[in-house]
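Please walk through this structure with an eye to its open spaces and its packed interior. The paragraphs below take up the pocket, then the cores, then the cysteines.

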Amino acid sequence: MTEQVSDFACGKLTLEGIWHIPDGNGPFPAVIVCHPHPLHGGDMHSSVVVAVSEALTRRGIIAFRFNFRGVGGSQGSYGDGLGEQEDIRAAITLVASDSRAAPGKTGLAGYSFGAGVALPVAAGEGRVEAVAAISPPPRALESLKDYPGPKLILVGSRDQLMPPEALERLAEGLPQPTRFEITAGPDHFWGGYEGQMGQTVADFFARALR
């Protein structure tokens, strides 16, 4: 696996990201991974984001994680969720144009706030083939009501911020294929369960983007 730091443009802003490239010869499927809330310390170095990225790469999938506007070395300031959706679209454009990424095999994953801004983008983007939401805000699932691609909704059984029961009810109303899973043990922050969670997400994308 190779890690490569990369800057990319989003309008007039320059954002920073990190590629995780599998060993071997590409092109590979690719997944953009979105971090938790910038105003609560979230960035691309979140343990959940890193665990997902590393697990994807072990399965032969490119992972691209990046800092939203105003976070770390990314220019700009917090965009109230809407600006961050623009950041995701710019990341999709970057990944889709890279020769190492297989055409038509792009996925999108988000954790917490990252899922909240990623799901509306996935729903409105013909370029996103599959989407994974880790501990997403329940209201964000409503944006997937017409999304036909493979969907994974993953939450910890002790999540104190995103109630598993509410997520399950909403997931039941989404079009197939939809996979909803409650992992026994973790709370919203997945402490000690990052490896298990990352493997679940990577397995999902390995099937969805094969």
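The largest pocket holds about 440 Å³ of space, where a pocket is an open set of points on a 1 Å grid over the protein atoms alone, with room for a 1.4 Å probe and with protein on both sides within 12 Å along at least five of seven lines, and lining residues have an atom within 4 Å of a point. The volume is the space filled by probe spheres set on the points, which are joined across faces, edges and corners. This is a predicted model, in which local features need pLDDT of at least 70 and side-chain atom pairs count only at pLDDT 80 or more, while totals for chains, interfaces and linings use all residues. Residues are numbered from 1 along each chain as its sequence is written, and side-chain values use heavy atoms, without hydrogens and water.

Of the 21 residues that line the largest pocket, His37, Ser112, Phe113, Pro137 and Met162 lie nearest its centre. Helix α3 gives the most to this lining, with 4 residues.

In the largest nonpolar core, which has 42 residues, Phe66, Ile88 and Leu108 touch the most other members; such a core is a set of buried (under 20% relative accessible area, 1.4 Å probe, protein chains only) Ala, Val, Leu, Ile, Met, Phe, Trp, Tyr and Cys residues joined through side-chain atoms within 4.5 Å. Helix α3 (residues 113-124; a DSSP run of H or I of at least four residues, numbered from the N terminus) contributes the most to this core, with 7 residues.

The structure has 0 disulfides, a disulfide being a pair of cysteine sulfur atoms within 2.5 Å. For Cys10, the nearest cysteine sulfur is that of Cys34, 12 Å away.

Note on methods:
Buried means under 20% relative accessible area, exposed over 50%, partly exposed in between (1.4 Å probe, protein chains only). Helices (H or I, at least four residues) and strands (E, at least two) are DSSP runs, numbered from the N terminus.
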